[in-house]
Structures are given as structure tokens and as C-alpha cells.
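Here's a quick tour for anyone meeting this structure for the first time. Have a look around, then read on.

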Amino acid sequence: MHDKTTVHDACLMLTLNIKNLSIFTMKTLTPKEETIMHHYWTHGTLHIKQLQALYDDPKPHINTLSTMVHILEDKGFLRHKALSTRKFEYYPAISLQQYKDSTLAHVINKFYDKSGIAAVSALITRKLITIDQLKALVDNG
């Protein structure tokens, strides 16, 4: 990027990138579904019993996890591979980065009227990022 890139230019570029992300919006996850997905994103392919072992006591019932994994598969977040007639291993169908991008696009589309500039302005107003950080991001991005 050029040194003369303005904050306004940076916001416009972010807006264009966010509009491109809106194509990839996907279904949202409940907090429990997100927890399951984080296990898959962290550990990769898992059987239901392996997933259950990752939880602290009291562990969720195996049937509960099985139902939730099937819901995640129906939503397009997980896929499975049959190991035998009744044994499957599950793996993420999307990456954590894809989920983050989609979630960001959803928030911007829903709460900021599809405006990346409005979202960035909110971050600056709430002092979550500074103008200097935004300039550095654009200059290095």
C-alpha cells in the first residue's frame, strides 16, 4: 500500500472485502455447537467417543453429542467418513477462518447495514482500534 492511503480509503477497501464475504454467510452456531466445532478445529478428525473425552466432568451424554454432531453435519459444518457399518469419524467441512469470515460478514450485514465503514467506525468509537492501528493495517496489508 502507498504511504498516502487515507483512513477513508482503508475503510472503502474493507467495505469491498466485507461485501465479498457476504457471499459466504452460513448458518449460525449455538454456543454448544461452537464448542463442538472448536474441538474439531483444534483436534481434526474425531469419533464421538473421542469428542466426549475432550470434555470435563460431567461429560455430555454420548447420545447428546451424537445428535449435536448430526445437526452440525446437516448445517454443513461437519462431514463424516464411515469406518464400518455403525462407526463414523467426523471432520470439519469448513475452516475456523471461514467461520470467522462468515460471522463477521453476518454481523456487518445485520447490525451495520452492510457497511464496513460503519463497522470500522464503531470499532474506532469504542476505542477497540485506533486510527494509527488502522493505518498500519492498511499499509502492511
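## Meet F88

Let's start with one residue and work outwards, keeping in mind that this is a predicted model. Apart from its neighbours within four places in sequence, F88 touches H47, H80, K81, A82 and L83. F88 also sits 8.7 Å from L46, C-alpha to C-alpha, though 42 residues separate F88 and L46 in sequence.

Is F88 buried or exposed? F88 falls in between: its relative accessible area is 27%, and partly exposed covers values between 20% and 50%, so F88 counts as partly exposed.

## The strand pair

Where does F88 belong? You'll find F88 in strand 2, which spans residues 88-92 and pairs with strand 1, residues 78-82. The two run in the antiparallel sense, with five bridges between them.

Getting from strand 1 to strand 2 takes a hairpin of five residues. Across the pair, R79 faces Y91 of strand 2. As a rule of thumb, side chains in a regular strand alternate between the two faces of the sheet.

## A pocket alongside

F88 turns up again in the lining of the second largest pocket, together with H47, I48, K49, S66, H70, R86, K87 and Y90. Helix 3 (48-53), helix 4 (62-75) and strand 2 are the elements that each give two or more residues to this lining.

How much space lies in the second largest pocket? It's about 180 Å³. Sorted by class, the lining is an even split: three nonpolar, three polar and three charged residues.

Note on methods
Residues numbered from 1 in each chain as written. Predicted model: local features only at pLDDT ≥ 70, side-chain atom pairs only at ≥ 80, totals over all residues. Heavy atoms only, no water. Pairing = 2+ DSSP bridges. Helix = DSSP H or I, 4+ residues; strand = E, 2+ residues; numbered from the N terminus. Buried < 20%, exposed > 50% of the residue type's maximum accessible area, 1.4 Å probe, protein only. Contact = heavy atoms within 4.5 Å. 1 Å grid on protein atoms, 1.4 Å probe; cavity = no way out; pocket = protein on both sides within 12 Å on 5 of 7 lines; lining within 4 Å. Points joined across faces, edges and corners; volume = space filled by probe spheres on them. Nonpolar A, V, L, I, M, F, W, Y, C, P; charged D, E, K, R; others polar.
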